[in-house]
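The exercises below go with the structure shown next. Each one is a task followed by a solution in steps.

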Amino acid sequence: MKKVSMVLLILLIAWATPVLAQSDQTSAESIDEMKLHLIDLGAQEEAAKLQAQQLDEALKPENIEHSLAGYGSTKPEELREQRRKELTAEKAAVTAQLEQLALRRAHLEAAISAAEVRAYQQSASGMIENYLGVRVSNFFLRIGIILMAVVFVFLGAAGLLIVRQRRHPRV
């Protein structure tokens, strides 16, 4: 019985100590990089919002008429309509850009949150590593704990059977 439990213990220790690859970039560096992208994205959004405001102002009928005041034409209504269409198309493009930037912002904020969670988990596993002196991933740590519990239950049951047989020997 002792041989079996020793073999199980050795197998458990060997199986629960994985070799983990180190990434080139730490979680903290990637979070900082994503936050810089978020700041850049904010600047792009502000520029697009400013451009949208300028286009809204330019689309006012009096401003369209004022912008065409220096042009001589026999059909000023067509010129104003053409200018309005150009400004409307430009405004639609800026609005689409703002929507894309908002979508990128949402994705980037979600990625930052996920990276912060990973960084926290890595720091927590680092505490376990420091305590045990061995680097163990969370998955293998859980499996190791479960296997150790199974081994202790098995050893406890075997011990109870031995005690029971000594108290009540068979004739």
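How many salt bridges does a search of the whole structure find? The search finds 9 salt bridges. The model is a predicted one, and the exercises that follow take up some of these pairs.

**Exercise 1. Describe the secondary structure and the overall burial of the protein chain.**

Step 1. The protein chain holds 5 helices and 0 strands. Read from the N terminus, the order of elements is α-α-α-α-α.

Step 2. Of the 171 residues in the protein chain, 18% are buried. The accessible surface amounts to about 13,400 Å², with 62% of it on carbon and sulfur atoms.

Step 3. Take the contacts in the protein chain with a separation of 6 or more: 79% of them are between residues 24 or more positions apart.

**Exercise 2. Compare the span of helix H2 with its expected span, and list its buried residues.**

Step 1. H2 has 32 residues. The expected span is 1.5 Å times one less than the number of residues, which for H2 is given as 46 Å.

Step 2. From first C-alpha to last, H2 reaches 46 Å, close to the expected value.

Step 3. The buried residues of H2 are Ser27, Ser30, Ile31, Met34, Leu38, Leu41, Gly42, Glu45, Ala48, Ala52 and Leu55. One of these, Glu45, is the subject of the next exercise.

**Exercise 3. Classify glutamate 45 by accessibility and identify its partners.**

Step 1. Glutamate 45 belongs to helix H2, residues 27–58.

Step 2. The cut-off for buried is under 20% relative accessible area. Glutamate 45 has 9%, so glutamate 45 is buried.

Step 3. Leaving out residues up to four places away in sequence, glutamate 45 touches Leu98, Leu101, Ala102 and Arg105.

Step 4. With arginine 105, the side chain of glutamate 45 makes a polar contact of 2.8 Å, side chain to side chain. The two side chains also meet in a salt bridge, at 2.8 Å from N to O. This pair links distant parts of the chain, glutamate 45 being in helix H2 and arginine 105 in helix H4 (residues 76–132), 60 residues apart.

Step 5. In general, side chains of opposite charge can pair when their charged atoms come close.

Step 6. Is arginine 105 buried or partly exposed? Its relative accessibility is 23%, so arginine 105 counts as partly exposed.

**Exercise 4. Starting from arginine 105, trace the salt-bridge network.**

Step 1. Arginine 105 forms a salt bridge with glutamate 109, and the closest N and O atoms are 3.5 Å apart.

Step 2. Why are arginine 105 and glutamate 109 separated by about one helical turn? Because the two residues are 4 residues apart in helix H4.

Step 3. Glutamate 109 has a relative accessible area of 38%, and so is partly exposed.

Step 4. Glu45, Arg105 and Glu109 are therefore joined in a network of salt bridges, with 9% relative accessible area at glutamate 45 and 38% relative accessibility at glutamate 109.

Step 5. Which distances separate glutamate 109 and lysine 35? They are 74 residues apart in sequence and 8.5 Å apart in space, C-alpha to C-alpha.

**Exercise 5. Analyse the salt bridge between arginine 83 and glutamate 86.**

Step 1. The closest N and O atoms of arginine 83 and glutamate 86 are 3.7 Å apart. The salt-bridge cut-off is within 4 Å, and the pair forms a salt bridge.

Step 2. Both residues lie in helix H4, 3 residues apart, about one turn of the helix.

Step 3. Arginine 83 counts as partly exposed because its relative accessibility is 30%. Glutamate 86, with a relative accessible area of 39%, is partly exposed.

Step 4. Glutamate 86 and leucine 59 are 27 residues apart in sequence, while their C-alpha atoms are 9.6 Å apart in space.

**Exercise 6. Find which residues make a nonpolar surface patch and check that leucine 155 qualifies.**

Step 1. Met148, Phe152, Phe154 and Leu155 make a nonpolar surface patch of about 390 Å².

Step 2. Leucine 155 is in helix H5, residues 138–167.

Step 3. A patch residue needs over 30% relative accessible area. Leucine 155 has 31% and is partly exposed.

Methods. Residues are numbered from 1 along each chain as its sequence is written. This is a predicted model: local features need pLDDT of at least 70, side-chain atom pairs count only at pLDDT 80 or more; totals for chains, interfaces and linings use all residues. Side-chain values use heavy atoms; hydrogens and water are left out. Patches are made of residues with over 30% relative accessible area and no salt bridge: like charges are joined within 9 Å, nonpolar side chains (Val, Leu, Ile, Met, Phe, Trp, Tyr) within 5 Å. Accessible areas come from the Shrake-Rupley method with a 1.4 Å probe; for residues, only the protein chains shown count as cover. Buried means under 20% relative accessible area, exposed over 50%, partly exposed in between (1.4 Å probe, protein chains only). A polar contact is a pair of N or O atoms within 3.5 Å; within protein, one must be able to donate a hydrogen and the other to accept it, and residues adjacent in sequence count only if both atoms are side-chain atoms. Contact means heavy atoms within 4.5 Å.
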